Amino acid sequence: MAEIVVLGAGLGGTLMAYEMSDQLRPEDRITLIGSSSAYQFYPSNPWVAVGWRQRKEIEVDLTAIMRKKNISFLTTSASRVDPKTKTVTMTDGTAVPYDYLVIATGPELAFDEIPGLGPDAHTMSICETGHAEAAFAAFEAFCQNPGPIVLGAAQGVSCFGPAYEFAFIVDTELRRRKIRDRVPMTFVTPEPYIGHLGLDGVGDTKTLMESELRNRHIKWITNARIKSVESDQMHVEEINDDGSVKMAHALPFSYSMMMPPFRGVPAVFGIEGLTNPRGFILADAFQRNPTYPDVFSIGVCVAIPPTGKTPVPVGVPKTGFMIESMVTATAHNIGALLRGKEPDIKPTWNAICLADFGDGGVVFVAQPQLPPRNVNWAAEGKWVHLAKVGFEKYFLRKIKAGTSEPFYERYLLKQLKIPKIHHPVQPHKKAG
Ligand code: FAD
């Protein structure tokens with residue numbers, strides 16, 4: 001009998017629990033640890049922040065779904081992972097032992113690394129649905145008394161899509177409210193050029209995104225390092241290639257949303273051999289930790305080196321389709337280990353992304369994720385907004401159904417070159 005524990009019930013962890021349950025032998029058990037019973041579809045957070053969605057439309061309670069799937073579901077957060085004793089200690093003091101652990105804890109949002117950054121200080125966030133709700137309340141107040149807006153991403157961010165999406169969505173919403181003419185907008189980013197996205201661009205995202213910003217009268221500052229934020233002003237340094245300061249900007253604002261730097265969560269931060277200095281989990285080509293081979297990791301918590309040197313730190317994004325490739329490979333690899341075989345499936349890490357602009361958008365495909373690539377394609381159009389709405393419905397249906405969908409799944413399995421069912425699915429005992 002093997003105990004498989006999945007830590008983190010977000011996008012990656014929830015799908016991991018679903019896919020792993022199909023790989024168990026009858027005697028194996030699976031436990032999912034989440035910080036709450038609610039799954040929230042973060043890609044819809046930018047819409048929550050302008051009132052186009054409400055929390056209840058993008059939130060799913062996982063309790064009944066997990067029970068139906070015989071997945072033991074704990075909703076107390078973990079305080080620490082101990083890979084030497086193969087135990088996860090919970091905040092209530094209880095210990096959860098494991099034979100195989102999959103870490104899917106996403107990022108800790110490191111607002112504290114920049115003075116004045118974050119929803120407890122002077123800038124809004126859309127990284128959690130609760131943050132997006134607060135951002136909407138502030139946006140409503142802002143619209144009563146419009147002024148300058150500063151949006152974008154801080155140094156060390158590894159998620160640029162939502163920053164661009166939110167800038168364009170805010171622009172769309174302000175035009176709908178007929179107050180756009182009263183709002184100077186500036187986009188601030190550590191990327192060396194617009195449309196870099198942490199991927200050194202995909203297709204011609206540089207031209208597409210620059211032209212979109214120009215068309216919408218949004219100014220930008222690249223190679224930007226935020227020094228500090230005051231209640232109505234952001235201090236930003238524009239950095240030269242040699243690391244010197246090219247220009248210091250004091251940007252006044254009445255409303256600001258900045259994506260914060262990411263680091264690993266406290267439950268794993270600083271564990272020798274498990275994490276890198278930023279607290280991200282080290283993984284080999286099979287998503288397995290080299291020091292602790294019983295530990296796998298998926299999603300934003302995985303350590304991926306940057307595409308190359310940039311004047312200001314720019315992280316590689318871990319997007320939905322890429323995370324699904326990690327999930328599918330990990331489920332198959334643990335399934336193999338349970339049957340006395342070695343892991344044999346490598347995730348593709350390919351990126352397929354829809355970036356919504358509220359009234360249009362950009363889609364890009366990067367295969368493989370980092371250049372040089374076999375597929376390096378980006379396109380824009382009004383249809384992308386509709387496609388993103390469709391994807392939201394599709395994804396939430398998949399989470400509620402407690403299963404991976406044939407369409408997305410089959411495409412992924414084909415990419416990974418594995419048959420639909422690697423191991424015959426067997427009924428397993430009720431867990432927990
Ligand atoms: P998360 O979904 O963040 O899940 C991590 C979970 O672990 C959380 O529920 C957290 O509470 C839990 N956790 C952490 N620590 C503990 C602990 N100690 N104990 C218990 N639980 C713990 N990607 C796309 O492909 N397309 C998009 O359109 C897109 N839009 C995005 C929009 C936003 C605003 C953001 C922030 C990201 C977006 N992404 C998008 C990127 C990515 O797909 C998401 O960030 C995705 O949610 C990452 O999945 P994850 O499982 O790695 O982390």
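Trainee: How do the residues of the shell around the ligand divide into nonpolar, polar and charged?
Mentor: In this predicted model, 17 residues of the shell are nonpolar, 11 are polar and two are charged. Gly counts as polar in this division.

Trainee: Which residues come nearest to the ligand, and what makes a residue part of its surroundings?
Mentor: A heavy atom within 4 Å of the ligand is the requirement. Of the 30 residues around the ligand, Gly12, Ser35, Val300, Gly320 and Lys388 come nearest.

Trainee: What makes the approach of Lys388 to the ligand a polar contact?
Mentor: The limit for a pair of N or O atoms is 3.5 Å. A polar side-chain atom of Lys388 lies 2.4 Å from an oxygen atom of the ligand, so the pair is within the limit. The backbone takes part too: a polar backbone atom of Gly12 is 2.8 Å from a ligand oxygen, and a backbone N or O atom of Leu11 lies 3.1 Å from an oxygen atom of the ligand.

Trainee: How much of the ligand's accessible area does the protein cover?
Mentor: On its own the ligand has 980 Å² of accessible area, and the protein covers 87% of that. The elements giving two or more residues to the shell are helix 1 (11–21) and helix 8 (320–338).

Trainee: Where does the ligand lie with respect to domain 1 and domain 2?
Mentor: Between them, because domain 1 (3–109 + 263–348 + 403–416) and domain 2 (111–261) both give residues to the shell.

Trainee: How do you know that strand 6 and strand 7 pair?
Mentor: Pairing needs at least two bridges. Strand 6 (residues 78–82) and strand 7 (residues 87–90) have four, in the antiparallel sense, so they pair. One of the bridges joins Ala78 to Met90 in strand 7. Four residues lie between the strands of this hairpin, where Lys86 has a positive phi near 55°.

Trainee: What is the evidence for strand 7 and strand 8?
Mentor: Strand 7 and strand 8 (residues 95–97) pair in the antiparallel sense over three bridges. Thr89 has Ala95 of strand 8 as its bridge partner. This hairpin also has four residues between its strands, and Gly93 takes a positive phi near 95°.

Trainee: Why is the pair of Phe139 and Tyr255 given the class it has?
Mentor: The count of aromatic pairs comes to nine. For Phe139 and Tyr255, the ring centres are 5.8 Å apart and the planes stand at 75°, so this pair is edge-to-face. The cut-offs are 6.5 Å for the centres and over 60 degrees for that class. Phe139 belongs to helix 5 (residues 129–144) and Tyr255 to strand 17 (residues 255–259), so the pair ties together parts 116 residues apart in sequence.

Trainee: What is omega for the bond from Gln367 to Pro368, and where does Pro368 lie?
Mentor: Omega is near -10°, and the bond is cis. Pro368 sits in the loop between strand 21 (361–367) and strand 22 (375–380). Pro371 and Pro372 are likewise joined by a cis peptide bond, with omega about 0°, and Pro372 is in the loop between strand 21 and strand 22.

Trainee: What makes Leu197 worth listing?
Mentor: Most residues other than glycine have a negative phi. Leu197 has a positive phi near 65°, and lies in the loop between strand 12 (185–188) and helix 7 (205–215).

Terms used. Residues numbered from 1 in each chain as written. Predicted model: local features only at pLDDT ≥ 70, side-chain atom pairs only at ≥ 80, totals over all residues. Heavy atoms only, no water. Polar contact = N/O pair within 3.5 Å; in protein donor to acceptor, adjacent residues only side chain to side chain. Areas by Shrake-Rupley, 256 points an atom, 1.4 Å probe, with all protein chains shown as cover. Domains from an automatic or database assignment. Phe/Tyr/Trp six-rings, centres within 6.5 Å; stacked < 30°, edge-to-face > 60°.
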